[in-house]
Amino acid sequence: MARLEIEGLCKGWDFPVIDRMDLTVEEGEFFVVVGPSGIGKTTLLRLIAGLEVPNEGRIVLGGKDITRLPPYKRPVAMTFESYALYPHLSVFENIASPLRARRLPRAEVQQRVMDVARLLKIDQLVARRPAEISGGQKQRTALGRTLVAEPEAFLLDEPISHLDAKIRHELRAQFHTLEALRRVSNIYVTHDYAEALSLGDRIGVAGPGGLVQIGTAHEVFERPETLFVAEHMGQPSINVLDCELTSENGVLFARHLESSLALPVAQPHVERLNGGNVGRVSYGIRPQYVSVMEDGENLRGEQHVVDGTVTLFEPLGTYAILIAEAGGATITALSSPEHRYEHGESVRLVVDTAQAFFFDRDSGKNLVL
């Protein structure tokens, strides 16, 4: 059994980085930690690997307390964002190093290394040294060194961040099917929300002090518990407007404090917001729920139209990002790349108010969960 349990884990320097974290990763589970740089994601992996010593708490792997074990006695394998390759060894020997340390037979080492090298498309490079290959190839070599081992936990620190888009897509698909990953616990760290949503059986959003929300991809993206989570899951980032809730002729509106923009509050949210007697809120709406109204288009359900002026239009292949000023507020929308919009052009934006989030201005807590 390769279940990983973290209990009350604490680590800090001049300030707390991880504060009383509890986490369980089941055998075969692919758990992804996503969050901004400098928030403590890599520190968590280093604590599990034994490269850092916790101030408090326990780390249990496969039923055994490994909190105070030295790194070489821990049944874990870690891929570093900075590669951490041996410069004097070939690609083959770098990948083979954990197998050599265990004194496995030469034929088995050869077979396992070449299998992983072919999987990562670096089998033609095994005779070269790290100085003779590209950054992406170095990253794949470091990943191969991790995959070739047979640990009880894989710790993957942004292992594909330096690869080109095509290889990243291929490796994301392979992470879903690799048998080696389904026999152990896996913690995968990334700052890329798309990687997290694609790979994670569960996702932990890293914030100040540790993981601020844990759930499936759907739960974390569609039901963020805080504004912090909403802002760090999604690209382009969620629109956030500082609003005051006001009632006009029996209709509840979210009125932007610094402009004339007012958005009606959809009926599903009205009772919960009124029940809490809430005044000032942070109003969040993801760009995919804001679009440009086309000629002849009819409104549906809780959709609402606001007039705006284009400040930026950025086509990105299958979709385009449009930023407009609407009633004195700045709103990001998604648009079809087939329609071009010029700076200063007038547009009508359709906002699906039923998809809005409302967050407490002080705590950032989602008020409509």
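Thr141 is buried in this predicted model, with a relative accessible area of 2%. The residue lies in helix α4, which covers residues 135-148, and, once its neighbours within four places in sequence are set aside, Thr141 is in contact with Leu85, Val91, Asn94, Ile95, Ile122 and Ile133. Beyond this site, the protein is divided into domain 1 (4-232) and domain 2 (239-360), and the points below take up the surroundings of Thr141, the interface of the two domains, and some backbone features.

**Thr141 and its setting**
- Because its relative accessible area of 2% falls under the 20% cut-off, Thr141 counts as buried.
- Among the residues in contact with Thr141 are Val91 and Ile95, and the helix α2 spans residues 91-101.

**The two domains and their interface**
- The centres of domain 1 and domain 2, taken over C-alpha atoms, are separated by 39 Å, while seven residues of domain 1 are in contact with seven residues of domain 2.
- The size of an interface is often given as the accessible area lost when the parts come together.
- For domain 1 and domain 2, the area buried between them is about 630 Å², and 61% of it is on carbon and sulfur atoms.
- On the side of domain 1 that touches domain 2, the elements that give two or more residues are α7 (217-222) and α8 (227-232), and the largest share, three residues, comes from α8.
- The residues on that side of domain 1 divide into four nonpolar, one polar and two charged.
- Across the interface of domain 1 and domain 2, the rule finds zero salt bridges, although two residue pairs are found in polar contact, both at pLDDT 80 or more.

**Backbone features in loops**
- The peptide bond from Gln235 to Pro236 is cis, with omega near 0°, and Pro236 is found in the loop between α8 and β11, the latter covering residues 239-248.
- Ala84, a residue other than glycine, has a positive phi near 55°; Ala84 is found in the loop between β6 (76-79) and α2 (91-101), and at 38% relative accessibility it counts as partly exposed.
- Lys121, likewise a residue other than glycine, has a positive phi near 60°; Lys121 is found in the loop between α3 (106-119) and α4, and at 46% relative accessibility it counts as partly exposed.

Methods
Residues numbered from 1 in each chain as written. Predicted model: local features only at pLDDT ≥ 70, side-chain atom pairs only at ≥ 80, totals over all residues. Heavy atoms only, no water. Domains from an automatic or database assignment. Contact = heavy atoms within 4.5 Å. Buried area = accessible area lost by both parts, 1.4 Å probe. Salt bridge = Lys/Arg side-chain N within 4 Å of Asp/Glu carboxyl O. Polar contact = N/O pair within 3.5 Å; in protein donor to acceptor, adjacent residues only side chain to side chain. Helix = DSSP H or I, 4+ residues; strand = E, 2+ residues; numbered from the N terminus. Nonpolar A, V, L, I, M, F, W, Y, C, P; charged D, E, K, R; others polar. Buried < 20%, exposed > 50% of the residue type's maximum accessible area, 1.4 Å probe, protein only.
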